[in-house]
Amino acid sequence: QVQLAESGGGSVQAGGSLRLSCVASGYTRVGNCIGWFRQAPGKERKWVALIRSDSEGLFYEESVKGRFTISQDHAKDTVYLQMNALNPEDTSMYYCAAGSGIWGSTYCYSSPGRYDYWGQGTQVTVSS
């Protein structure tokens, strides 16, 4: 059984940084993706960054490019999201999720519905 657990959220001022961690146990790396998603109150859940476990492919939503970095440590079964230059629009609950990559490619799905396993979420609040 795949289990995901996020940590590292908190409250920061605009311009600050946070690093989120997602410990993902029990999933097969080959062909799979881990994604970070976020959901603000009253809004739909959207993807932020994705990493393909086998090809090391990295994918970023446009608004976080250049500010967020996704990485993984296979030895620790952990995926990180380093978030720099945070702004109030980044305030959300952040979730990590695991799912199958796009078969026959090195890409990941960006739709939350394509991910089978989810963590409980960690809150990020950025004040101006």
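How much of the accessible surface of the chain belongs to carbon and sulfur atoms?

1. **Surface.** The share is 48%, out of an accessible surface of about 6500 Å². The model is predicted. Buried residues account for 43% of the 128 residues in the chain.

2. **Fold content.** The chain has eleven strands and zero helices. Read from the N terminus, the order is β-β-β-β-β-β-β-β-β-β-β. The radius of gyration is 14 Å, close to the 14 Å from the globule rule for 128 residues, so the chain is as compact as a globular protein of that length. The C-alpha trace spans about 45 × 25 × 25 Å along its principal axes.

3. **Contact range.** Take the contacts between residues at least 6 apart in sequence. Of these, 59% join residues at least 24 apart.

4. **Charges.** The chain carries 11 positive and 11 negative charges. Their mean positions are 2 Å apart.

5. **Main core.** The largest nonpolar core holds 26 residues. Trp 36, Leu 81, Met 83 and Tyr 94 have the most contacts inside this core. Seven strands each give two or more residues: β3 (18–25), β4 (32–39), β5 (46–52), β7 (68–73), β8 (78–83), β9 (92–100) and β11 (122–127). The top contributor is β3, with four residues.

6. **Second core.** A separate core has seven residues. Among them are Cys 33, Leu 50, Phe 59 and Tyr 115.

7. **Tyr 94.** Which residues does Tyr 94 contact, leaving aside its neighbours within four places in sequence? The list includes Trp 36, Leu 81 and Met 83, which are also named with Tyr 94 for the most contacts inside the largest core. Leu 20, Phe 37, Val 48, Phe 68 and Val 124 are on the list as well. So are Glu 6, Arg 38, Gly 121 and Thr 122.

8. **Arg 38.** Is Arg 38 buried or exposed? Arg 38 is buried, at 14% relative accessible area, because buried means under 20%. Arg 38 sits in strand β4. Beyond four places in sequence, Arg 38 touches residues that include Glu 44, Glu 89 and Asp 90. Arg 45 and Lys 46 are also among its contacts. Further entries are Ser 63, Val 64, Phe 68, Ser 92, Met 93 and Tyr 94. Val 48 is in contact with Arg 38 too; the pair is ten residues apart in sequence and 6.7 Å apart in space, C-alpha to C-alpha.

9. **Gly 99.** This glycine is part of strand β9. Gly 99 counts as buried, at 7% relative accessibility. Not counting residues up to four places away, Gly 99 touches Asn 32, Cys 33, Arg 114, Tyr 115 and Asp 116. Cys 33 and Tyr 115 are both members of the second core. From Gly 99 to Gly 113 is 14 residues in sequence and 9.5 Å in space, C-alpha to C-alpha.

10. **Gln 82.** Gln 82 belongs to strand β8. Gln 82 is partly exposed, at 26% relative accessibility. Outside four places in sequence, its contacts are Ser 17, Leu 18, Arg 19, Arg 67, Phe 68 and Thr 69. Gln 82 and Val 126 are 44 residues apart in sequence and 15 Å apart in space, C-alpha to C-alpha.

11. **Gly 8.** The loop between β1 (3–7) and β2 (10–13) holds Gly 8. Gly 8 counts as partly exposed, at 34% relative accessibility. Its contacts, not counting residues up to four places away, are Leu 18, Arg 19, Leu 20 and Thr 122. The C-alpha atoms of Gly 8 and Val 23 are 11 Å apart, with their places 15 residues apart in sequence.

12. **Positive phi.** Where in the chain is Asp 77? Asp 77 is in the loop between β7 and β8. Its phi is positive, about 55°, although Asp 77 is not a glycine. Asp 77 counts as partly exposed, at 31% relative accessibility. Ala 85 is another non-glycine residue with a positive phi, near 50°. Ala 85 is in the loop between β8 and β9. At 40% relative accessibility, Ala 85 counts as partly exposed.

Definitions and conventions. Residues numbered from 1 in each chain as written. Predicted model: local features only at pLDDT ≥ 70, side-chain atom pairs only at ≥ 80, totals over all residues. Heavy atoms only, no water. Rg over C-alpha atoms; globule rule 2.2 N^0.38 Å. Buried < 20%, exposed > 50% of the residue type's maximum accessible area, 1.4 Å probe, protein only. Contact = heavy atoms within 4.5 Å. Areas by Shrake-Rupley, 256 points an atom, 1.4 Å probe, with all protein chains shown as cover. Lys, Arg positive; Asp, Glu negative; His and termini not counted. Charge placed at Lys NZ, Arg CZ, Asp CG, Glu CD. Core = buried A, V, L, I, M, F, W, Y, C linked by side-chain atoms within 4.5 Å.
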